[in-house]
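Subject: Structure handover

Hi,

Here is the structure I promised to pass on. Have a look at it first, and my notes on what turned up follow underneath.

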Amino acid sequence: MTGDPEDGMLSWDESVFRDEHVFEIDYVPETFRHRESQLESLKYALRPAARGSRPLNTVVRGPPGTGKTTSVQKLFSELRAQTDVRTVRVNCQVDSTRYAVFSRIFESVFDYEPPSSGISFKKLFGQIADRLVEEDEVLAVALDDVNYLFYENEASDALYSLLRAHEAHAGAKVGVICVSSDLSLSVIEELDSRVQSVFRPEEVYFPKYDVDEVVDILRERAERGFHDGVLGAAELDRVAELTAESGDLRVGIDLLRRAGLNAEMRASRTISVDDVDEAYEKSKYVHLSRSLRGLSDSETALVAVLAEHDGEQAGSVYEAFHERTDLGYTRYSEIVNKLDQLGLVETEYAEVEGRGRSRSISLAYDPEPVLERIEG
Ligand SMILES: Nc1ncnc2c1ncn2[C@@H]1O[C@H](COP(=O)(O)OP(=O)(O)O)[C@@H](O)[C@H]1O
Ligand SMILES: [Mg+2]
């Protein structure tokens with residue numbers, strides 16, 4: 001310290017960021033910790049492919065922001081680098097029909113898009129399978145966010161075709177990884193029985209990271225992204241604490257970036273706890289918006305009812321929900337559980353005089369921003 005008041009201030013050509021790109025959405029982290037056992041299970045399932053055999057099918061489940069997509073991307077790029085296995089990750093939120101899924105697979109197998117003039121599914125499928133047999137290639141397909149295929153009622157057809165590829169086309173070797181971030185969806189049970197009879201997947205679960213793991217992961221990210229001394233331990237802890245509320249690591253990464261921008265706005269060389277808190281006011285809605293987008297109509301209806309009846313007893317919330325949707329108490333309870341898992345509501349059991357234990361439910365957000373996003 002020289003005592004110079006300009007010391008802690010940034011000049012125009014300076015930045016707190018060493019590499020801002022590490023905070024962006026498509027960045028694949030170099031170090032990927034706390035997912036060792038999940039990676040092991042996935043490797044186990046994929047290993048036969050490296051030997052030229054059909055890989056085991058897998059169902060991957062876990063809440064958003066727990067490293068599912070990153071795991072698949074890492075393993076697929078290892079496979080591509082070290083073997084002849086053909087790998088395709090399909091984002092089912094974008095490609096949510098069987099035809100779209102297979103168009104994406106076609107594109108990856110042939111390196112060009114299928115004719116847009118609408119060839120039949122059978123033909124599309126046949127060309128892919130023939131090519132695999134011809135080249136003696138094993139295909140590993142990840143249906144990422146497969147829950148969207150279920151919402152469109154396309155999951156059974158898409159999976160059936162993938163799983164029976166070798167029957168329709170002798171010699172075709174295809175394995176599937178289904179990745180779901182909808183915890184209320186029982187991936188296997190929701191499939192047609194004809195699919196269930198050929199689908200005996202390995203199951204891998206990705207739990208939320210705890211606070212210590214979040215600190216560990218975000219520290220590494222901050223070291224790569226910020227110059228030395230920009231983010232102190234107390235500020236990192238604050239970011240981790242706020243991230244652990246939803247358990248979605250994306251919230252934390254976004255928070256680091258916004259906190260850095262806030263520090264720069266003040267022309268400061270260091271991030272303060274206030275920079276973090278201010279960033280959270282904005283970034284917490286990233287998680288909110290994303291969670292809301294994935295909800296069904298009746299789930300959204302319950303969120304709306306909770307926002308409108310903020311602070312009221314569970315009984316009156318249920319009544320209002322029932323009035324609006326005509327759904328019964330069992331379904332109501334299931335939806336409450338799902339919203340709880342998504343971090344949209346907080347539930348607590350409390351002793352109520354004369355009525356024993358009862359569950360109180362409150363929104364994890366202020367009602368106004370929630371209503372704005374539902375209605376907007
Ligand atoms: N163990 C980890 N180490 C480093 N970064 C991680 C880890 N897990 C997740 N991330 C980061 O968190 C974000 C969300 O991860 P992602 O794999 O997309 O989660 P999911 O697919 O489960 O929603 C990504 O930016 C990813 O880089
Ligand atoms: Mg994902």
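One thing before you start: this is a predicted model, and every number below is computed from it.

I'd begin with the overall layout. The protein chain splits into three pieces: domain 1 (36-205), domain 2 (209-292) and domain 3 (295-375). Between the C-alpha centres of domain 1 and domain 3 there are 36 Å.

Where does ligand 1 lie? Both domain 1 (36-205) and domain 2 (209-292) contribute residues to its shell, so ligand 1 lies between the two.

The surroundings of ligand 1 are probably what you'll care about. There are 18 residues around it, and Arg33, Gly65, Lys68, Thr70 and Tyr209 are the ones that come nearest. Sorted by class, the shell is made up of 8 nonpolar, 6 polar and 4 charged residues.

A few polar contacts to check in your viewer:

- Glycine 65: a backbone N or O atom sits 2.7 Å from an oxygen atom of ligand 1.
- Glycine 67: a polar backbone atom is 3.1 Å from an oxygen atom of the ligand.
- Lysine 68: here the side chain takes part, with an N or O atom 2.7 Å from an oxygen atom of ligand 1.

As for burial, ligand 1 exposes 550 Å² when taken alone, and the protein buries 93% of that. The elements that supply two or more residues to the shell are α2 (68-82), α9 (211-225) and α11 (249-265).

Now for the sheet. It is an open one with 5 strands, ordered β2-β3-β4-β1-β5, and the pairing is parallel. Which strands stand at the edges? Those are β2 (86-91) and β5 (202-205); each has a single partner strand, so one side of each has no neighbour in the sheet. On average, neighbouring strands of this sheet are turned by 15 degrees against each other, ignoring direction.

Should you want one pairing to look at, try β1 (residues 58-61) with β4 (residues 173-180): the two run parallel and are joined by 4 bridges. Within that pair, threonine 58 stands opposite isoleucine 177 of β4. As a general reminder, strands of a sheet pair through backbone hydrogen bonds, in either a parallel or an antiparallel way.

That's it from me. Over to you!

Cheers

Definitions and conventions
Residues numbered from 1 in each chain as written. Chains lettered and ligands numbered in written order. Predicted model: local features only at pLDDT ≥ 70, side-chain atom pairs only at ≥ 80, totals over all residues. Heavy atoms only, no water. Near = heavy atom within 4 Å. Polar contact = N/O pair within 3.5 Å; in protein donor to acceptor, adjacent residues only side chain to side chain. Areas by Shrake-Rupley, 256 points an atom, 1.4 Å probe, with all protein chains shown as cover. Nonpolar A, V, L, I, M, F, W, Y, C, P; charged D, E, K, R; others polar. Domains from an automatic or database assignment. Pairing = 2+ DSSP bridges. Axes fitted to C-alpha atoms, helices over the stretch in contact; angles between N-to-C directions.
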